[in-house]
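This briefing covers cysteines and charged side-chain pairs. The entry under discussion is shown below.

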Amino acid sequence: MAAGAAEPPIDVLVVGDANPDLLLRGDVVPRFGQAEQLLDVADLVLGGSAAITAAGCARLGLRTALVAAVGADRFADLVLAALAERGVDTAAVGRDADRPTGLSVLLCTPADRAILTLPGAIPTLDATAVPEPLLVRARHLHVASYFLLPRLAVGLPGLLRRARAAGCTTSLDTNWDPAGRWAGVAELLPLIDVFLPNRAELVAVAGLDGEPDDGTVAAAAKWARAAGPLLAVKAGAAGALGWAADGEVTAPAPAVDVVDPVGAGDSFVAGFLAGWLRGLPFDRCLRWAATAGALSTRAAGGTAAQATAADLERVR
């Protein structure tokens, strides 16, 4: 564990994206020609993979800090207030007066969703935004939304090496690549302790063709494990798949009444890290992840129904 002499340690230092999510439900499939369509629900909530993960970690009792880039506008105020309400340290969240805060608009149907994202200040984040005093206080460094952060990507190998030199463990959740190139991750895997993609992301990162079925997922997992990291893979309603030194592990998700799956993968990450930082066995960390992901779907948005420590402590 790394800790500064004066400041208390940080359990999880999260680096990545922070923005509001505008969730729209009802008649959301656009019809052009100035057709007015009526919605059932509109929710403006905390979004961004890194921000939702940080909020989930804090709710689970982890001392959590976030490094991200936002604008100097009302959306930034909303993001920072939501994180502060959870107890996330946002002192290293930079505010850019020249760019707006990023924003995602999610068009949600019962079976699927489309996501429209304004990057805004999100891509301006780079590795130099992570202060060394903050890094040396951290037990764990988690990086989210790699493909939305091209400047961070350039300096990320160096940041991961700095983190490890400071005594941190490390993890990565790439999320989807809007460009479809999936480049750069292979070079990072030897510097990562835990890789946390979903099934489709794992197959795409491995450069394999075809749908993420059992065969392609297993092949992609073998490829990723050869580089070193443990794998905690999101499998939606099926729960989680994991690969560690002892081979493949599965963890079912509890049955819940799903209201909104937005952010479930980020809550999955928070659940895994909560177990990891308690020193729990890998299979139990995976069960915590699957449970945390499922519980987060009980309300609109990524953070309203996130798991508490008590929720996960009941999971054996």
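A residue counts as buried when its relative accessible area is under 20%, as exposed when that area is over 50%, and as partly exposed in between. Asp96 has a relative accessible area of 17%, so Asp96 is buried. The model is a predicted one. The structure holds 14 salt bridges and zero disulfides.

**Cysteines**

- A disulfide is a covalent bond between the sulfur atoms of two cysteines.
- The count of such bonds here is zero, with a pair of cysteine sulfur atoms required to lie within 2.5 Å.
- For Cys285, the closest cysteine sulfur belongs to Cys57 and lies 12 Å away, which is too far for a bond.
- Cys285 is buried, because its relative accessibility is 1%.
- Cys108 is also buried, at 9% relative accessibility.

**Salt bridge Asp11–Arg63**

- Side chains of opposite charge can pair when their charged atoms come close.
- Asp11 and Arg63 form a salt bridge in which the closest N and O atoms are 3.0 Å apart.
- This pair links distant parts of the chain, with the two positions 52 residues apart in numbering.
- Asp11 belongs to strand β1 (residues 10-15), whereas Arg63 sits in the loop between α1 (49-59) and β4 (64-67).
- Asp11 is buried at 5% relative accessibility, while Arg63 is partly exposed at 41%.

**Salt bridge Arg99–Asp96**

- Arg99 and Asp96 meet through their side chains in a salt bridge, with an N to O distance of 3.0 Å.
- The relative accessible area of Arg99 is 35%, so this residue is partly exposed.
- Its partner Asp96 is buried, at 17%.

**Salt bridge Arg278–Glu313 and a network**

- The closest N and O atoms of Arg278 and Glu313 are 2.9 Å apart, and the two residues form a salt bridge.
- Arg278 lies in the loop between α8 (264-277) and α9 (282-295), and Glu313 lies in helix α10 (residues 309-313).
- The two residues are 35 residues apart, and the pair links distant parts of the chain.
- Arg278 is partly exposed at 45% relative accessibility, and Glu313 is partly exposed at 33%.
- Elsewhere, Asp11, Arg63 and Arg139 are joined into one network by salt bridges that share partners.

Definitions and conventions:
Residues are numbered from 1 along each chain as its sequence is written. This is a predicted model: local features need pLDDT of at least 70, side-chain atom pairs count only at pLDDT 80 or more; totals for chains, interfaces and linings use all residues. Side-chain values use heavy atoms; hydrogens and water are left out. Buried means under 20% relative accessible area, exposed over 50%, partly exposed in between (1.4 Å probe, protein chains only). A salt bridge is a side-chain nitrogen of Lys or Arg within 4 Å of a carboxyl oxygen of Asp or Glu. Helices (H or I, at least four residues) and strands (E, at least two) are DSSP runs, numbered from the N terminus.
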